[in-house]
Amino acid sequence: MGKIIDGRALADKMQLGMAAEVAEMSIKPGLVVIIVGENPASQTYVRNKELTAKKIGLHSVVERLPEEVSEAELIEVVSNYNQNDLFHGILVQLPLPGHIDEEKVLLAITPEKDVDGFHPINVGKLFSGQAGLIPCTPYGIMKMLEAYDVELEGKEAVVVGRSNIVGKPMAQLLLDKNATVTITHSRTIDLPAVTRRADVLVVAIGRGHFIRAEHIKPGAVVIDVGMNRSAEGKLIGDVAFDEVIEVASLVTPVPKGVGPMTITMLMEQTIANARKIQ
Ligand code: NDP
């Protein structure tokens, strides 16, 4: 029987440290989250980010724009925050309404303040080994693995999912730590045979309880990024936690696993940015 990786507890501990750090700083790190429209899931994510930022003592602003805002108007708002020295991090909550080109908006954020790490400049830096801003979810996962002393060098790591925000950057970060990395996706043939090779398995698919005990090598470390709603409306991961923990050595739960760490890394990157110009 494996153990739980307590993302909530680790996030709380890191946030306490950050609050102490911010209290000592000569300037207040500033984070603006821009949200367009009324998407309920986005509203919840943004509220959580705002609460966490305030708890840590950041200067936190949520810019709420109506659903019908034009692409040009949104880009204008982003540009104003690019110029505003009170803010060290800018995040545009995705998804955006259909009439707005997300790529154009993400490109409008200055790479120096792109605390989500989605700008092509930061993506390029990550993939070419230069220091830059890193997508918060995979960054938080690396912090969890480090906190639980998970050895990566020479180990087999398998990432399920190849999105730009989770799967691909995750694979690169694992590679940077000298793991032997395999990325799998919906066209992978015989997924269980591949995932059973993994000493470290990171799952980011978006399908409730898709990964079962048969996918797991005994003693593996399993990280569940998924956030799905069950038929009863409960938040569930991509991993069937109850059966997988019987086989694995460490597993993240959903909720209280990867989610709290993602928000924590957003705060960390905002603080680090503010420090650079302090
Ligand atoms: P995407 O939908 O962008 O990507 C999903 C990936 O899973 C794709 O690469 C897809 O393959 C792959 N996939 C789908 N079905 C299968 C299958 N049957 N077998 C193998 N691979 C499959 O999702 P995201 O990466 O954005 O998010 C994944 C999950 O993580 C979601 O539940 C999301 O809500 C959650 N999430 C959680 C965060 C957190 O902070 N906890 C942050 C970000 C996301 P293909 O490319 O071939 O289509």
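In this dialogue, a trainee and a mentor read through a predicted model, one feature at a time.

Trainee: Let's start with the sheet. In what order do the six strands of the open sheet come, and how do they pair?

Mentor: To read a sheet, go across it from strand to strand and check the direction of each pairing. In this model the order is 1-11-8-7-5-6, and the pairing is parallel.

Trainee: Which strands stand at the edges?

Mentor: Look at the two ends of the order. Strand 1 (3-4) and strand 6 (180-184) each have a single partner strand, so each has one side without a neighbour in the sheet.

Trainee: How many bridges join strand 5 to strand 6?

Mentor: Five bridges do that job, and strand 5 covers residues 156-160. If you'd like one pair to find on screen, take V159, whose bridge partner in strand 6 is I183.

Trainee: Which strands does helix 7 lie across?

Mentor: For a helix on a sheet, look at what it covers and at its angle to a strand. Helix 7 (residues 167-176) lies across strand 5, strand 6 and strand 7 (200-203). It runs at about 170 degrees to strand 6. An angle over 145 degrees counts as roughly antiparallel, so that is how you'd describe helix 7 against strand 6.

Trainee: Now two helices together. At what angle do the axes of helix 1 and helix 2 cross?

Mentor: Roughly 50 degrees, and the axes come within 8 Å. Helix 1 is residues 7-24 and helix 2 is residues 40-56. At that angle, the two helices are therefore oblique to each other.

Trainee: Which residues of helix 1 meet which residues of helix 2?

Mentor: From helix 1 you have Q15, M18, A19 and V22, and they meet T52, K55 and I56 of helix 2. Sorted by class, this contact has four nonpolar residues, two polar ones and one charged one.

Trainee: What about helix 10: how far does it reach, and how many of its residues are buried?

Mentor: Check the span first, then the surroundings. Helix 10 (residues 258-276) has 19 residues and reaches 27 Å from its first C-alpha to its last, close to the 27 Å expected. It is mostly covered, with 16 of the 19 residues buried.

Trainee: Let's turn to the backbone. Which peptide bond near P95 is cis?

Mentor: Here's the general idea: most peptide bonds are trans, and most residues other than glycine have a negative phi. The bond from L94 to P95 is cis, with omega near 0 degrees. P95 sits in the loop between strand 4 (89-92) and helix 4. Another cis bond joins V254 and P255, with omega about 0 degrees. You'll find P255 in the loop between strand 11 (250-251) and helix 10.

Trainee: And what is the phi of N178 and of H209?

Mentor: Neither is a glycine, yet N178 has a positive phi of about 70 degrees and H209 has a positive phi of about 50 degrees. N178 is in the loop between helix 7 and strand 6, while H209 lies in the loop between strand 7 and strand 8 (221-224).

Trainee: Are those two residues buried, partly exposed or exposed?

Mentor: Count the C-beta atoms around each. N178 has 12 others within 10 Å, so it is exposed. H209 has 19 inside 10 Å and counts as partly exposed.

Trainee: Last one: where is E112?

Mentor: In the loop between helix 4 (102-108) and helix 5 (120-127). With 18 other C-beta atoms within 10 Å, E112 is partly exposed. Its C-alpha is 9.4 Å from that of I90, which is 22 residues away along the chain.

Technical notes: Residues numbered from 1 in each chain as written. Predicted model: local features only at pLDDT ≥ 70, side-chain atom pairs only at ≥ 80, totals over all residues. Pairing = 2+ DSSP bridges. Helix = DSSP H or I, 4+ residues; strand = E, 2+ residues; numbered from the N terminus. Contact = placed C-beta atoms within 7 Å. Axes fitted to C-alpha atoms, helices over the stretch in contact; angles between N-to-C directions. Buried ≥ 20, exposed ≤ 12 C-beta atoms within 10 Å, placed from the backbone. Expected span 1.5 Å × (residues − 1). Parallel < 35°, antiparallel > 145°, perpendicular 65-115°, else oblique. Nonpolar A, V, L, I, M, F, W, Y, C, P; charged D, E, K, R; others polar.
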